[in-house]
Amino acid sequence: MRFSPVIPGFAHMVHGGDYNPDQWMDLNIWKEDMRIAKAMGINSLSVGIFSWAALEPEEGKFEFGWLDTIMDMMAAQGMKAVLATPSGARPAWLSQKYPEVLRVRDDGRRNLHGGRHNHCLTSPVYREMVQKINTQLAERYKDHPALGAWHISNEYGGECFCPACQEKFRAWLKNKYKTLDALNHAWWTAFWSHTYTDWSQIEAPSSIGETSVHAQKLDWKRFTTDQFIDFYRVETEPLKAITPNVPCTTNLMGTYPGIDYFRLAKELDFASWDNYPQWTGRTEDDVPLAAEIAFRHDLMRGVKGRPFFLMESCPSATNWRPYARLHRPGVHILQSLQAVGHGADSVQYFQFRKSRGSSEKLHGAVVDHVGHEHTRVNGEIAEVGRILSKLDGVVGQDTPARAAILYDWENAWALNDAQGLNNRDKKYFDTVMDHYRALWSLGIQVDVVNEDSDLSKYDLLVAPMLYMVRSGLGERVRAFVEKGGTLVSTFGSGYVDENDLCYLGGFPGPLKETLGIWCEEIDVLLPGESNEILYHGQRYRLFDYAEQLHLQGARSLAEYRREFYAGNPALTVNELGKGRAYFVAGRLEDSFMRAFYTDLADETGLEKHELPYGCSIALRGDEKEMYAFLLNFAAEGCKVEISGQDALTGEKLECVELPGHGSKVLKLR
Ligand code: GLA
Ligand code: ZN
């Protein structure tokens, strides 16, 4: 399946990034910027992201002259603008005149003017001001040939606890529960005498107030997501009316915990995200990190189920990392092709021209303070530009995944808030990564889904630590298995429902019958402690958790070998209908995960690849065309047996040799 390009009619890989010409009100610099952009193969710039003060220096007085010039210069070069709405930061006059737009902290203190992302999402004045300037922007540029897409605000995030937001939270709760009785039951407020007798008694959870009613905290998080959805609608209303054919996005942040991106993404025309990994250049750090970044790309593709934009990445040192380390040679190209391989239809940077002052003056950029493009970093940027210019065929191509891994924000919220299990770190993300890393190392293509996704198109569903099972999911998972799917479930699953109320009648709640087990209790291993299992005659170590289960239809494939529960099942399978449901009772080391998924791939007929350690393969394409991205994250060179055509040169290859941090795109068909 091939999707139409994100920017209508622009069937090319987008190469560009955040550009702040308003920090440089100088035509000569802008001309130089356009020249360098061309030399780098850059065909897009994201403008206006933090430009409110330059666009509206006084209330109601708009100045578009500078942006007109920039838009015209881009159009003259055939470039597309990703044009931003400026709500991410507001001018000083606005905070001064309407202090109620500033955010309030959870202890009730209102912030001072400053920073960014410091506004209340409820404030009627802020909403009105945002709609006004967005309307002006849309009216002004609606027919401009450079206008490619809308970049709504910037990295939505945070929370506001002002009285208006609290009132809105109460209204949201009334709408959800209708009666206080329903709310009190769902929140289990009889606990510690928390019963509410009037809606006005309810406050947002906070560090100086409510911390122990978990369902209340969960609802606050859901409400916060809805606040962003609502604000996004306010922002895009004028844009949708005036420029209905220009797609809108807001730049996401991978696994940022504060917003359920699966829900926010429903509002977006396409997803986009900002990726800043801390590569070290050392194999032992970069290989596991590469798997994590691959997962985040798959997640950002998954929230919308179609190709996304890599809205920001850094071509060299990311200044806010603990170690603002340089990318080793090859790494910039490698990370860019990793994104494209996993579904990005763009490689964009923060930032195009490096700031001269303030906190981002030392952040990597396309144009450094030296002012010309004859630098080491520019060599790699130009090479990315050259490669992307040959990849028109990849634009819009989907990922042929038959395996899915389930990652769910609400599950993460509930699990991480629970008091119990390992309170230092529940290890949800780590456990998801244990499974993902094994699939990634075997070259198995994966989609990331959440509890609400359609599961029917997959052969393998991996659902690690599914602590919260919302209503209906148990039945859908059962149907998935009965129809021939393979499910992998783990320890820590099926504890609570969507209200964070524990399932009665035994864990894993609604997954019990599908898995054919009952989990009676779970042991937590101390740091440094391990247990052991024997799987196909091989010993493997087990860490962190050891669920204690009874077989109720399932078969045991491996048992614990130590502790008072030695001999109890640690890995089980249940045959159900045409499918199978596996249960992994503890966190097992990587070598086990690889052996286990090798067996599952053979059993289910999933396509896998022989890859040297640190090398990954990402596929994009359909029945007609297929591209393979070979990516070597190890510092050492490697060799992969695979036949295809070099997508850049057309050369026929039977085997690909990659240097350390090397990458190559092959056309398989
Ligand atoms: C974020 C922001 C950008 C910039 C970069 C720096 O992703 O969206 O404006 O601050 O970080 O890495
Ligand atoms: Zn507020």
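Guide: Let's start with a definition: a helix axis is a line fitted to C-alpha atoms over the stretch in contact, and the angle between two helices runs from 0 to 180 degrees between their N-to-C directions. Keep in mind that the model you see is predicted.

Visitor: Thanks! At what angle do α10 and α14 pack, and how far apart are their axes?

Guide: The packing angle of α10 and α14 is about 95 degrees, and their axes are 10 Å apart. An angle from 65 to 115 degrees counts as roughly perpendicular, so α10 is roughly perpendicular to α14.

Visitor: Which residues in α10 and α14 meet?

Guide: From α10, the residues include Val287, Pro288, Ala291, Phe295 and Asp298. Their partners in α14 include Phe429, Met433, Tyr436 and Trp440. Sorted by class, the residues of this contact between α10 and α14 are 11 nonpolar, no polar and 4 charged.

Visitor: I would like to try another pair. How do the axes of helix α6 and helix α8 cross?

Guide: Helix α6 covers residues 163-177 and helix α8 covers residues 214-242; their axes come within 10 Å and cross at roughly 105 degrees. That angle makes α6 roughly perpendicular to α8. In the contact, α6 offers residues including Phe169, Trp172 and Lys176, while α8 offers residues including Trp220, Arg222 and Asp226. The classes here are 7 nonpolar, 2 polar and 6 charged residues.

Visitor: Which domains does the domain assignment of the protein chain give?

Guide: The assignment gives domain 1 (14-162 + 226-391), domain 2 (403-604) and domain 3 (615-667). As you can see, domain 1 is written as two stretches of the chain, 14-162 and 226-391. The C-alpha centres of domain 1 and domain 2 are 37 Å apart, and 22 residues of domain 1 are in contact with 17 residues of domain 2.

Visitor: Now for empty space. How many cavities of 30 Å³ or more does the structure hold?

Guide: The general idea first: rolling a probe the size of a water molecule over the atoms shows where empty space is left. In this structure there are 7 cavities of 30 Å³ or more. The largest cavity has a volume of about 90 Å³. It is lined by 13 residues, and the closest to its centre are Asp298, His342, Ile444, Gln445 and Val446. The elements giving two or more residues to this lining are α10 (283-302), α14 (428-441) and β21 (615-621). By class, the lining of the largest cavity holds 6 nonpolar, 5 polar and 2 charged residues.

Visitor: Why does the largest cavity lie between domain 1 and domain 2?

Guide: Because both domain 1 and domain 2 give residues to its lining. Asp298, which you met in the contact of α10 with α14, is also among the residues closest to the centre of this cavity.

Visitor: Let's end with the backbone. Is the peptide bond from Phe350 to Gln351 cis or trans?

Guide: The bond from Phe350 to Gln351 is cis, with omega near 10 degrees; Gln351 sits in the loop between β9 (346-349) and α12 (376-389). A cis peptide bond also joins Phe507 and Pro508, with omega about 0 degrees, and Pro508 belongs to the loop between β13 (486-490) and α16 (512-515).

Visitor: Where is Ser153 placed?

Guide: Ser153 is in the loop between β4 (147-151) and α6. Although Ser153 is not a glycine, its phi is positive, at about 55 degrees.

Terms used:
Residues are numbered from 1 along each chain as its sequence is written. Chains are lettered from A and ligands numbered from 1 in the order in which they are written. This is a predicted model: local features need pLDDT of at least 70, side-chain atom pairs count only at pLDDT 80 or more; totals for chains, interfaces and linings use all residues. Side-chain values use heavy atoms; hydrogens and water are left out. On a 1 Å grid over the protein atoms alone, a cavity is a set of points where a 1.4 Å probe fits but cannot get out, and a pocket is an open set with protein on both sides within 12 Å along at least five of seven lines; lining residues have an atom within 4 Å of a point. Grid points are joined across faces, edges and corners, and a volume is the space filled by probe spheres set on the points. Helices (H or I, at least four residues) and strands (E, at least two) are DSSP runs, numbered from the N terminus. Ala, Val, Leu, Ile, Met, Phe, Trp, Tyr, Cys and Pro count as nonpolar, Asp, Glu, Lys and Arg as charged, and the others, Gly among them, as polar. Domain bounds come from an automatic or database domain assignment. Angles under 35 degrees count as roughly parallel, over 145 as roughly antiparallel, 65 to 115 as roughly perpendicular and the rest as oblique. Contact means heavy atoms within 4.5 Å.
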